[in-house]
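Thanks for coming. Please have a look at the sequence and the structure on the screen before I start.

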Amino acid sequence: MSLHRLLLVEDDADMAAMLAAYLQRQGFHVARAADRVGALAALAGARVDLILMDVSLGDDNGVAICAEIREAQDVPIIMVSALSADHQRMAGYEVGADDYIAKPFNPELLLARIRAVLRRAGRAPSLSHRRRDSLLTFGGWRYDARRDEVTAPGGWQVSLSSRETALLRVFLANPLIPLTREEIAAALDDDEAADKASGGRAIDMLVGRLRHKTEAGLIRTERGTGYVLTTEVTREPQ
């Protein structure tokens with residue numbers, strides 16, 4: 001099972017370091033941001049399963065950032081704040097926060113709330129993340145999401161079917177993270193029951209076709225799990 005990826009948006013460096021270390025010990029991968037710009041960049045750069053969003057972020061406001069994120073995607077968001085009056089909590093819920101935790105808090109309580117929100121949300125929404133307006137590079141390759149064009153390191157275009165392109169987008173949204181066949185099927189909006197009945201062969205065949213058209217070793221089989229994109233993904237300026 002691959003790690004859940006959390007984004008911690010907190011401008012207090014000491015608090016962020018302490019909380020990130022605790023969550024990493026609990027088995028999470030934790031990315032950090034201190035403001036709106038950093039949070040949006042982190043979301044654009046990789047899959048995020050859940051956001052821990054502080055309300056007071058210097059010149060930025062966590063509630064406003066939550067509202068902006070919610071307009072674009074459904075990633076679960078837990079607001080964390082020393083402001084705990086009912087109207088302040090309601091402000092968070094009204095813009096789409098999934099939970100609201102008041103500071104100071106017991107880390108074990110926070111952990112329980114994170115796990116509860118992740119159970120409700122599942123992983124399919126974040127795995128279906130699409131970069132429709134991005135230029136992405138990975139291992140010398142380039143993907144133009146606006147045109148659905150894939151360019152090899154040598155500069156020539158590689159022709160992919162719509163299904164192969166959709167599979168590539170799933171891997172690009174989840175670099176270096178082992179994905180199960182069921183997670184890939186869910187991200188592709190496939191009929192999971194049908195694929196399970198075939199023993200995952202439909203996904204295996206699709207991955208095989210994508211591998212054949214791309215570089216050897218770019219997509220690796222993870223024994224006991226599924227498949228993993230073996231390189232980082234970088235978003236180019238547009």
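I will go through two helices, then the cavities, then a single residue.

A word of caution to begin with: this is a predicted model.

Let me start with helix 3, which runs over residues 62–72. Which of its residues are buried? They are Gly62, Val63, Ile65, Cys66, Ile69 and Arg70. These buried residues lie on the same side of helix 3, because the arc they cover around the axis is only 155°. The general background is that an α-helix has 3.6 residues a turn, so residues three or four places apart point the same way. On the other side of helix 3 we find Glu71 and Ala72, and both are exposed.

What do the buried residues of helix 3 pack against? Two helices are on the list, helix 2 (36–45) and helix 4 (86–94). The rest are strands: strand 3 (50–54), strand 4 (56–57), strand 5 (60–61) and strand 6 (77–81). There is also a detail at the start of helix 3, where a side-chain oxygen of Asn61 comes to within 2.8 Å of the backbone nitrogen of Val63.

Helix 2 can be described in a similar manner. Its buried residues are Ala39, Leu43 and Ala44. They sit on the same side of helix 2, because they cover an arc of only 130° around the axis. Their packing partners are helix 3, strand 1, strand 2 (29–33), strand 3 and strand 15 (234–235).

Now the cavities. How many of 30 Å³ or more are there? The count is 2. The largest has a volume of about 60 Å³. Its lining includes Leu8, Val9, Met15, Leu19, Val80 and Phe105. By class, the lining has 8 nonpolar and 3 charged residues, and no polar ones. Glu10, Asp54 and Lys103 are also among the lining residues.

Where does that lining come from? Strand 1 (5–9), helix 1 (13–25) and strand 3 each supply at least two residues. Strand 3 gives the most, with 3 residues. Strand 3 is also one of the elements that the buried residues of helix 3 pack against, and the buried residues of helix 2 pack against strand 3 as well.

Last, a single residue, Thr151, in strand 10 (residues 149–151). Is Thr151 buried or exposed? Thr151 counts as buried, because its relative accessibility is 17% and the cut-off for buried is under 20%. Leaving aside residues up to four places away in sequence, Thr151 touches Trp141, Arg142, Trp156 and Gln157.

That is where I will stop.

Terms used
Residues are numbered from 1 along each chain as its sequence is written. This is a predicted model: local features need pLDDT of at least 70, side-chain atom pairs count only at pLDDT 80 or more; totals for chains, interfaces and linings use all residues. Side-chain values use heavy atoms; hydrogens and water are left out. Buried means under 20% relative accessible area, exposed over 50%, partly exposed in between (1.4 Å probe, protein chains only). Helices (H or I, at least four residues) and strands (E, at least two) are DSSP runs, numbered from the N terminus. The arc is that of the directions from the helix axis to the C-beta atoms. Contact means heavy atoms within 4.5 Å. A polar contact is a pair of N or O atoms within 3.5 Å; within protein, one must be able to donate a hydrogen and the other to accept it, and residues adjacent in sequence count only if both atoms are side-chain atoms. On a 1 Å grid over the protein atoms alone, a cavity is a set of points where a 1.4 Å probe fits but cannot get out, and a pocket is an open set with protein on both sides within 12 Å along at least five of seven lines; lining residues have an atom within 4 Å of a point. Grid points are joined across faces, edges and corners, and a volume is the space filled by probe spheres set on the points. Ala, Val, Leu, Ile, Met, Phe, Trp, Tyr, Cys and Pro count as nonpolar, Asp, Glu, Lys and Arg as charged, and the others, Gly among them, as polar.
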